[in-house]
Amino acid sequence: MSKTIEIKEKLLSDLEAMRLQNESAAASLTKKAQITDYEQYAYTDGNGIKVWSDAIQKAIEENEILIFPASDEPYYIERSIIVPSNRYIKVEGNTTIRQKEGVTLLMLRNANTLDGTHAPIDKSNPDRNITVEGGIWEECRSERAGYGKSGKYDEERSFYGVTTCMFFDNIEGLTLKNLTFRHCGGFAIQSGDTKNAVIERIEFKQCYADGVHLTGNNENILVQNIYGYVGDDLVALNAYDWKDSSVNFGPSRNIFVRNIELSPDSPLKCMRLLPGIYTFDNGEKIDCSLSNVVVSGTKGIQTFKLYLQTAAYNIDEEHEPGEVSSCEAFFFENMEIPLRYPIDFFNAYYRESHPVKGAFGAFEIGTNIGLLSLENINLTVDKQKYPMAFLCSVGPKTARQEGAIREVFNPDISCVVEEVRLKDITINGQKRDNIDDYLYEVDFTSFGGGTGTIKKITYDN
């Protein structure tokens, strides 16, 4: 058995064992109530809307299991629901938990959340054993609201990088399943500093930012059967991120993402995997690497972005602190990838196939990686229209905006992939034994930028 198969099979076996452990912990909970048992704590507002926030909060504080019976009428909430350890929330049928119009706070989070923006968090007291199952979780948005405009942690936005419907961090043992999200103005699910999590059978309907947004310090994560319409990444693995998008920074490992399907009318057909080196307030640095990551079985996604990207910056200024990460192993498999156009279509370099600055790919790599494995990949691409399109592009990117005074990417970086392993690669309907011409090393040294290097290419045919 090859090393790559061993790594994948052990990872999946470990994650299945973790899932059973989560289910066992959830099954040990006993004290149960229905939300209708607490109806006296709900109230009817001046518009005739029954608001359940206080009833839900009291019920979840007093019981381990909270059931929402199937209902044609939504359960309205006007503030965040705080969930302590050892809790199981189950919403039956097509019942909706709906945010009242105008509310700018997130809908649900765990209790012992900590902000890791300025320094690593103290992990000695995590929440444990939380499950949320079923229901339609609906915000009141019709478009992306913008960072800090919806899904806030509190009115003061004290966790600056939280903009989401559900937020979980500093937690061990999390299960989210059979959930539908509608009209989320920010991320639907945001989670970091999380260990042993299962996120499965999730649907997004008219959500306007990321669906599943996983940030730093995540370990043992199974994400599967995810589908629907989002305005940004269906699933994002952002161990490093911008300060308005995360409060958790650090290495993430042992992550299996499979069977994710992006709605054809979603505007951005990519998946971001964002490693990098983050600098805390005291100058201490942490490598926000991604290691032992498997992405298997995707539909509707044409580009996988795996590179450092700091926030856009003026070219006469330094970009925010951020350096290239060093990652271990990535496995991408069982994918139909229609690379119809450059995902960064806004920039002429890519649209017009600039011979130096215009390379793009189904896999865009801008980080140091020990092993990049691509298996059973079916790529379709028009090389006549886009001669600088590749299966895999390794190295820096560049794109200038606003009269060429702002840079979107980081053309100064350099990165090395130690080994690219290839198996069962089909390009435009033809199975290829050799695709060296579809692996591209970017070289920006002609204008003072960085380079990408592939040290070894291995074919397992």
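The following paragraphs describe the two largest pockets and the cysteine residues of a predicted model.

The largest pocket encloses a volume of about 480 Å³, and its lining is made up of 25 residues, among which Y147, D232, W242, R272 and Q309 lie nearest the centre. When the residues of this lining are divided by class, eleven are nonpolar, six are polar and eight are charged.

The second largest pocket holds about 200 Å³ of space and is lined by 13 residues, of which K123, D193, T194, K195 and N217 are the closest to its centre. At least two residues of this lining are supplied by each of the strands β12 (164-182) and β13 (187-205). The lining of the second largest pocket comprises three nonpolar, four polar and six charged residues.

With regard to the cysteines, a search of the whole structure returned zero disulfides. The sulfur of C165 has its closest cysteine sulfur in C184, at 4.3 Å, and this separation is too far for a bond, because a disulfide requires the two sulfur atoms to be within 2.5 Å. C288 likewise takes part in no disulfide, the nearest cysteine sulfur being that of C327, which is 9.9 Å away. As for solvent accessibility, C165 has a relative accessible area of 0% and is therefore classed as buried, the cut-off for that class being under 20%; for C288, the relative accessible area is 0%, and this residue is buried.

Terms used. Residues numbered from 1 in each chain as written. Predicted model: local features only at pLDDT ≥ 70, side-chain atom pairs only at ≥ 80, totals over all residues. Heavy atoms only, no water. 1 Å grid on protein atoms, 1.4 Å probe; cavity = no way out; pocket = protein on both sides within 12 Å on 5 of 7 lines; lining within 4 Å. Points joined across faces, edges and corners; volume = space filled by probe spheres on them. Nonpolar A, V, L, I, M, F, W, Y, C, P; charged D, E, K, R; others polar. Helix = DSSP H or I, 4+ residues; strand = E, 2+ residues; numbered from the N terminus. Buried < 20%, exposed > 50% of the residue type's maximum accessible area, 1.4 Å probe, protein only.
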